[in-house]
Amino acid sequence: MPLWGSAASAPPAAEGDAARAPSGSAGGGGGGVKAIRSLLPTRRRLRLDPTAKLYFPYEPGKQVRSAVRIKNISKSHVAFKFQTTAPKSCFMRPPGGVLAPGESIIATVFKFVEHPENNEKPLDKCKVKFKIVSLKVKEPVEYVPELFDEQKDQVAVEQILRVVFLDAERPSPQMDKLKRQLAEAEAALEARKKPPEDNGPRIVGEGLVIDEWKERRERYLARQQIEGVDSV
């Protein structure tokens with residue numbers, strides 16, 4: 001079974017007994033409401049593209065990349081976090097973050113592809129899965145993983161993504177789309193690395209100031225020499 005590191009859900013029998021308990025009965029009211037709420041579909045805070053799969057080029061013995069666009073479709077700031085059943089062979093960039101209403105980001109997912117047994121191509125046999133969870137935050141905050149530990153009861157599972165391998169040598173719409181998303185993610189990463197443009201007054205560098213000072217002093221000394229010769 002996948003190990004996400006999150007709390008296990010209640011047994012079906014317990015949920016059913018709690019749901020049948022009257023709301024006013026002692027010891028059963030709160031549990032009944034919680035059980036009913038847990039059965040209701042959760043309103044999505046994020047929109048994913050692709051929606052349920054992560055496509056990776058199949059290249060055994062190499063680290064390959066996939067991408068998923070994450071967009072905040074709610075009216076509040078939302079924190080998101082990746083989880084995976086294979087943390088030793090997979091990692092995400094970024095592993096989480098906070099999105100403003102309407103903001104989107106393309107996350108890159110890295111995975112090491114093991115060599116197959118018996119020289120087979122297990123394009124549809126990968127058991128690795130990823131899960132994206134979300135948390136509503138009241139105001140823009142800096143992302144830290146502890147946000148989800150402090151408010152576990154408010155965390156919602158947005159989607160579980162299944163890994164699908166693509167034949168790297170065969171063109172396909174999924175492969176073309178993956179290449180576009182990866183290129184866009186790399187461009188966004190490079191843009192974040194660039195220092196912000198300074199539209200304020202231009203400050204002359206220290207080296208230029210020193211050079212100009214030397215030139216002025218040399219001209220001054222030259223004038224002093226000329227004036228001394230003339231006086232003689």
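What share of the contacts in the chain with a separation of 6 or more comes from residues 24 or more positions apart?

1. The answer is 72%, where a contact means heavy atoms within 4.5 Å. Keep in mind that this is a predicted model, with local features needing pLDDT of at least 70, side-chain atom pairs counting only at pLDDT 80 or more, and totals for chains, interfaces and linings using all residues. Residues are numbered from 1 along each chain as its sequence is written, and side-chain values use heavy atoms, leaving out hydrogens and water.

2. Now the layout: you'll find five helices and nine strands. These are DSSP runs numbered from the N terminus (helices: H or I, at least four residues; strands: E, at least two). Read from the N terminus, the order is α-α-β-β-β-β-β-β-β-β-α-β-α-α.

3. Of the 232 residues, 30% count as buried. Buried means under 20% relative accessible area, using a 1.4 Å probe and protein chains only.

4. Next, the inside. The largest nonpolar core (buried Ala, Val, Leu, Ile, Met, Phe, Trp, Tyr and Cys residues joined through side-chain atoms within 4.5 Å) has 25 residues, and F56, I70, F82, F130 and I132 have the most contacts inside it. Among the elements giving it two or more residues are β3 (63–72) and β9 (156–167). A second, separate core of nine residues includes Y55, A67, M175 and A185.

5. Any disulfides? The count is zero, with a disulfide being a pair of cysteine sulfur atoms within 2.5 Å. C90 has its closest cysteine sulfur in C126, but 7.5 Å is too far for a bond. C90 is buried at 5% relative accessibility, and C126 is buried at 18%.

Definitions and conventions:
Buried < 20%, exposed > 50% of the residue type's maximum accessible area, 1.4 Å probe, protein only.
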